[in-house]
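User: I am new to this structure and would like to go through it by question and answer. Please reason through each reply before you give the result.

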Amino acid sequence: MFASLAFIPNIANDLGASSTQIGFIVALYSFTFLLSSWVFGRAADIFGRRRIIQFGLLAASVAILLQMFAWSPFTLGLSRALAGFALGSFPAAVIAYAYEEGDRMGRFSSFAALGWGVGVLSAGIFTAASGKFLASSILVFVAFLVSLAITRDVTIPHKVPVFPVSVIRKNLRIYSAILIRHTGASMIWMFFPLYMESLGASHLLVGIVYAVNASGQFVIMPIADRYRAHPLILAGLISSFLTFLTFAIAQNPYQLIPTQLALAMSWSLTYVGCLKYITKNNVERATASGMLGAAVSAAAIVGPLLAGISVHFVGYRWTIVIAAFVASIALLQYLATGWLAKRDKTPGPLGS
């Protein structure tokens, strides 16, 4: 997935897209990913995990390959929209399947992070966009071949409404925290490869920097799995705010390497905490996980749009500072909703 994702700002820039257009291209992918996460997460609870996983991976391998034929910002945006819908179809089903097979969410997430690092590093080897998309398509198709080994489905079908209000209400504190935090992160990721290029980085170095982040997550996520969900989320939100600020003070691309390790810690704590809460506290696990993915995607819509405008007026560094303060809102929201929930549960006089 990430082999075709990380360098989209660079590819769009090479096709003549403005910073605002790049923001729209990134946001369009996230919008279709959001819709797909919603639709197929629910479908996985109704029809089972295995078929959704296999269908989604096969469809994604084809959709990713079609991006090779984009010749303008407009056609790149259309192909990214198709890729987003295909790629959003299977993650929720995979998460639910892994949990029901007895896997720990921290360890499971760490392999997703490792795949991210390998994918971005693989894409960084290729200078041409066609090579990046081809590598991504091949990797996803290999995942489809691996998925054919899934011969049984542990799913107990659930009746889930088209708009799962009860699931959203039950997990709103988690969804809100990840939405706001990731909006700040997406503001940075929208232009991060271009920011690194402005500091003198090659595509290979960009891939290496991403791989450092992924490697850090691979190590940290299984360790985070030992702790309870809420302390993990709180620590992740605090460290996210502080880490985002450090991006703005880098003077060369090599200084971004230690920031990637700090970022790996902040995201690992936040995501593992959210994933542990969602999978443990919901029987409609694919739907709830799909909504978590939808919240991340919603952030990846709003963040790039905000960043596209912000970069136009104040440049990269001040946009990063703005992103950090957006992340701080997630922390305040999480603390405030937790305090309100505790207050509502506190018995009144006479035990009322």
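User: Is Ser289 buried or exposed?

Analyst: The model is a predicted one, and within it Ser289 is found in helix 14. Residues count as buried when their relative accessible area is under 20%. Ser289 has a relative accessibility of 3%, so it counts as buried.

User: Which residues is Ser289 in contact with, leaving aside its neighbours within four places in sequence?

Analyst: Ser289 belongs to helix 14, and a contact here requires heavy atoms within 4.5 Å. Once the neighbours within four places in sequence are left aside, the residues in contact with Ser289 are Ala92, Ile95, Ile278 and Thr279.

User: Which residues of helix 5 are buried?

Analyst: Two of the contacts of Ser289, Ala92 and Ile95, bring us to helix 5, where both of them are buried. The buried residues in helix 5 are Ala92, Ala93, Ile95, Ala96, Tyr97 and Ala98.

User: What phi does Gly102 take, and where does Gly102 lie relative to helix 5?

Analyst: Helix 5 covers 91-100, and Gly102 comes just after this helix. The phi of Gly102 is positive, with a value of about 95°.

User: Where is Asp103 placed, and what is its relative accessible area?

Analyst: Asp103 sits in the loop between helix 5 and helix 6, the latter covering 105-125. Leaving aside neighbours within four places in sequence, Asp103 is in contact with Ala98 and Phe108. Asp103 is partly exposed, because its relative accessible area is 22%.

User: What separates the C-alpha atoms of Asp103 and Ser89?

Analyst: Asp103 and Ser89 are 14 residues apart along the chain. In space, the separation of their C-alpha atoms is 21 Å.

User: Is Ile53 buried or exposed, and which residues is it in contact with?

Analyst: Ile53 has its place in helix 3, which covers residues 49-66, and with 4% relative accessibility it counts as buried. Its C-alpha atom is separated by 9.5 Å from that of Phe40, 13 residues apart along the chain. Leaving aside neighbours within four places in sequence, Ile53 is in contact with Phe90, Ala93, Val94, Tyr97, Ser147 and Ile150.

User: Which residues have the most contacts inside the largest nonpolar core?

Analyst: The largest nonpolar core has 46 residues, and its largest share, seven residues, comes from helix 14, which covers residues 285-345. A second, separate core of 33 residues includes Ala177, Ile233, Tyr271 and Val272. Inside the largest core, the residues with the most contacts are Phe192, Tyr195, Met196 and Leu256.

User: Which residues is Tyr195 in contact with, leaving aside its neighbours within four places in sequence?

Analyst: Tyr195 is among the residues with the most contacts inside the largest core, as is Leu256. Beyond its neighbours within four places in sequence, Tyr195 is in contact with Phe247, Ala248, Ala250, Leu256, Tyr316, Arg317 and Ile320.

User: How many helices and strands are in the chain, and what radius of gyration does the chain have?

Analyst: The chain has 14 helices and zero strands, and buried residues make up 56% of its 352 residues. Along its principal axes, the C-alpha trace spans about 65 × 45 × 35 Å. A compact globule with 352 residues would have a radius of gyration near 20 Å, which agrees with the value for the chain, 20 Å.

How values were computed: Residues are numbered from 1 along each chain as its sequence is written. This is a predicted model: local features need pLDDT of at least 70, side-chain atom pairs count only at pLDDT 80 or more; totals for chains, interfaces and linings use all residues. Side-chain values use heavy atoms; hydrogens and water are left out. Helices (H or I, at least four residues) and strands (E, at least two) are DSSP runs, numbered from the N terminus. The radius of gyration is taken over C-alpha atoms; the globule rule is 2.2 Å times the number of residues to the power 0.38. Buried means under 20% relative accessible area, exposed over 50%, partly exposed in between (1.4 Å probe, protein chains only). A nonpolar core is a set of buried Ala, Val, Leu, Ile, Met, Phe, Trp, Tyr and Cys residues joined through side-chain atoms within 4.5 Å.
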